[in-house]
Amino acid sequence: MAPWNLQSRMGGSRLLRYGFSAACVAIAMGLALVFRHYRFREIAPPFNLAIAVAAWYGGVGPSVLAVVLSAACFDYFFSPPVFSFAISREDFPSFFVFTAWALLIASFAGARRRIEDDLSRARDRLQVEVEQRKQREGEIRKLNQKLANRAAELESSNKELESFAYSVSHDLRAPLRHVVGFSELLQKQAASLLDDKSQRYIKTILDSAKKMGKLIDDLLSFSRIGRAETKKSLVNLEQLVKDVVSEIEQETRGREIAWKIDALPVCYGDRSMLMLVLANLVSNAVKFTRMRTRAEIEIGCADGDNDDLEVFVRDNGAGFDMQYANKLFGVFQRLHRADEFEGTGIGLATVQRIIHRHGGKVRAEGAVDQGATFYFSLPKAQHSEVRAANAL
Amino acid sequence: MNILGRILIVEDDPRDVELTLTALEEYNLANAVVVTRDGQEALDYLYRRGQFHSRSDGNPAVMLLDLKLPKVDGLEVLKQVRSDEDLKMIPVVVLTSSHEEKDMMRSYKLGVNAYVVKPVDFHEFVNAVKELGVFWAVINEPPPGSVRKR
């Protein structure tokens with residue numbers, strides 16, 4: 001133990017420190033008696049030393065005690081008149097100097113004590129801080145570990161999902177193909193034996209199996225969109241719309257459809273995905289205007305807020321109840337009965353997924369029998385990079 | 001009838017085998033068909049091992065290969081065929097249920113000649129099989145060393 005730690009070692013016991021102080025004075029007293037015996041001229045130094053030692057090791061209180069005791073002893077035993085506390089006139093200055101000197105030492109001790117206290121407090125604070133930091137580091141490490149685990153979990157569940165989609169693609173389709181195939185064979189083989197009812201049963205089996213095949217295909221392409229990487233480039237939306245419309249027009253011969261295609265801007269996105277969006281929306285518009293003698297379909301662009309452009313597809317068809325607008329974009333959600341309008345309920349979900357992957361939004365407005373308008377927004381070319389990156 | 005090349009079908013599902021044979025029968029292509037039920041059997045046939053050790057020599061004019069097979073899967077069979085000096089020229093058509101781009105990419109990378117997804121619709125399926133059969137077994141000139149029937 002280093003000597004400067006003596007005080008802190010004794011710090012626990014006040015009695016010990018005062019006792020130490022008294023002992024110092026007692027030793028000084030002994031020395032002074034020895035000094036007097038050999039008739040040394042100066043008697044005070046042992047006391048000064050005792051006070052200094054008491055102040056150094058004992059602190060302020062013990063040093064004051066040492067001062068008082070030393071003064072008393074010196075006065076009583078050594079300054080004439082001896083064996084009395086009275087101080088003769090000629091001794092007064094030297095007694096005063098002695099006391100002042102002693103007090104000075106005591107105050108130095110106090111200052112030292114104060115500085116030491118400050119230092120030890122600072123050290124404690126630092127220690128607490130270090131500990132807290134260590135704790136926080138531990139917490140961060142734990143969180144990091146958790147994050148890594150979560151990432152690994154996500155990755156494995158993603159893989160699982162992928163293999164699930166793969167199994168669906170491969171394994172669900174095979175039995176379906178057999179249902180269709182053997183039903184057709186049965187239909188052919190037993191055509192003459194079956195009555196109308198049985199024929200209709202077989203036809204129902206075939207239709208249902210084919211519908212299920214379509215559902216599986218749609219679901220798979222929907223899941224593929226979620227996994228596929230987007231390959232972005234500048235896309236001329238107007239040209240894209242015209243391509244889509246001309247393709248669909250081939251299927252709508254014999255119907256009167258008034259197309260109105262406004263000027264559309266160039267945007268930045270995945271061409272084939274955006275084509276899928278437009279094809280879905282336009283074919284929906286064609287489908288849901290089937291009962292109109294003259295269908296009106298408009299495709300245009302509203303300049304959304306500053307960073308977005310908003311494209312809409314408007315029709316005068318069956319429309320929908322705004323109350324169910326939130327269901328429109330859900331997977332397998334349909335607002336019409338299958339015998340009114342056919343469909344698997346995956347087209348708009350695909351639209352939403354693609355637009356979200358581009359960092360845009362979808363919405364719809366409509367009223368029953370009043371037509372519907374579907375909007376999708378895309379970030380303008382200069383903003384799209386950042387937004388799409390954030391949306392991933 | 002033209003010269004008919006032998007068709008090797010590698011397919012584990014008996015129902016798919018039956019549908020395929022039915023489709024080929026309709027166009028009189030079925031008499032030149034060999035059916036193997038997994039990748040191991042297909043390789044046995046190609047190498048004239050095991051139950052096929054006494055078959056007449058010559059490679060099939062085309063191999064219709066399913067990807068998902070027991071024991072040795074389709075891609076492994078394809079890899080083996082393409083790395084063998086005597087077999088690498090056999091035209092291989094993958095006939096599968098899988099729409100997955102991954103399967104397609106891997107098949108083409110391994111040097112498949114065609115990749116056909118089995119259609120769910122029976123007529124389309126029959127058509128696809130028929131066209132494959134007609135093209136590979138009749139129209140296409142197979143590499144030398146293939147088995148042909150008159």
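In the predicted model, chain B contains five helices and seven strands, and its elements, followed from the N terminus, run in the order β-β-α-β-α-β-α-β-α-β-α-β. Of the 150 residues in chain B, 39% are buried. When contacts in chain B between residues at least 6 apart in sequence are considered, 71% of them join residues at least 24 apart.

The largest nonpolar core comprises 40 residues, and the members that touch the most other members are I7(B), V10(B), M63(B), L64(B), L65(B) and V92(B). At least two residues of this core are supplied by each of β2 (7-10), α1 (14-26), α2 (39-47), β4 (62-65), α3 (74-82), β5 (92-96) and α5 (122-139) of chain B, and likewise by α5 of chain A. Among these contributors, α5(B) provides the largest share of the core, with seven residues. A separate core of 38 residues lies apart from the largest one, and its members include V241(A), A285(A), V311(A) and L328(A). The surroundings of V10(B) can be described in further detail: when residues up to four places away in sequence are not counted, V10(B) touches T36(B), G39(B), A42(B), M63(B), L64(B), L65(B), D66(B), L69(B), G74(B) and V77(B).

The loop between β4 and α3 of chain B holds K71(B), a residue that has a positive phi of about 60 degrees although it is not a glycine. K71(B) has 14 other C-beta atoms within 10 Å and is therefore classed as partly exposed. A comparable description applies to D369(A), which is found in the loop between β6 (362-366) and β7 (372-379) of chain A and has a phi near 65 degrees, a positive value in a residue other than glycine. Because D369(A) has 11 C-beta neighbours inside 10 Å, it counts as exposed.

Between the two chains, 15 residues of chain A are in contact with 15 residues of chain B. On the side of chain A that touches chain B, at least two residues are supplied by each of α5 (92-189) and α6 (196-227) of chain A, and α5(A) gives the most, with 12 residues. Divided by class, this side of chain A has six nonpolar, five polar and four charged residues.

Within chain A, helix α2 (residues 14-37) and helix α3 (residues 45-58) pack with their axes 8 Å apart and at an angle of about 165 degrees. Since angles over 145 degrees count as roughly antiparallel, α2(A) and α3(A) are therefore roughly antiparallel to each other. The crossing in which α2(A) passes α3(A) is right-handed. On the α2(A) side, the contact is formed by R17(A), F20(A), S21(A), C24(A), V25(A), I27(A), A28(A), L31(A), A32(A) and F35(A), which meet P46(A), F47(A), L49(A), A50(A), V53(A), A54(A), Y57(A) and G58(A) in α3(A). The residues of this contact comprise 15 nonpolar, two polar and one charged.

Helix α9 (residues 347-357) of chain A is mostly covered, as nine of its 11 residues are buried. The buried residues of α9(A) are G347(A), L348(A), A349(A), T350(A), V351(A), Q352(A), R353(A), I354(A) and I355(A), and they pack against α6, α8 (271-288), β6 and β7 of chain A. Just after α9(A), G359(A) takes a positive phi of about 80 degrees.

With respect to the packing of α9(A) on α8(A), the axes of the two helices come within 9 Å and cross at roughly 145 degrees, and the crossing of α8(A) and α9(A) is left-handed. In this contact, M273(A), L276(A), V277(A), N280(A), L281(A) and N284(A) in α8(A) meet G347(A), L348(A), T350(A), V351(A), I354(A) and I355(A) in α9(A). By class, the residues of the contact of α8(A) with α9(A) divide into eight nonpolar and four polar, with no charged residue.

Definitions and conventions:
Residues numbered from 1 in each chain as written. Chains lettered and ligands numbered in written order. Predicted model: local features only at pLDDT ≥ 70, side-chain atom pairs only at ≥ 80, totals over all residues. Contact = placed C-beta atoms within 7 Å. Helix = DSSP H or I, 4+ residues; strand = E, 2+ residues; numbered from the N terminus. Nonpolar A, V, L, I, M, F, W, Y, C, P; charged D, E, K, R; others polar. Core = buried A, V, L, I, M, F, W, Y, C linked by C-beta atoms within 7 Å. Buried ≥ 20, exposed ≤ 12 C-beta atoms within 10 Å, placed from the backbone. Axes fitted to C-alpha atoms, helices over the stretch in contact; angles between N-to-C directions. Parallel < 35°, antiparallel > 145°, perpendicular 65-115°, else oblique. Left-handed = near helix turned anticlockwise from the far one by under 90°.
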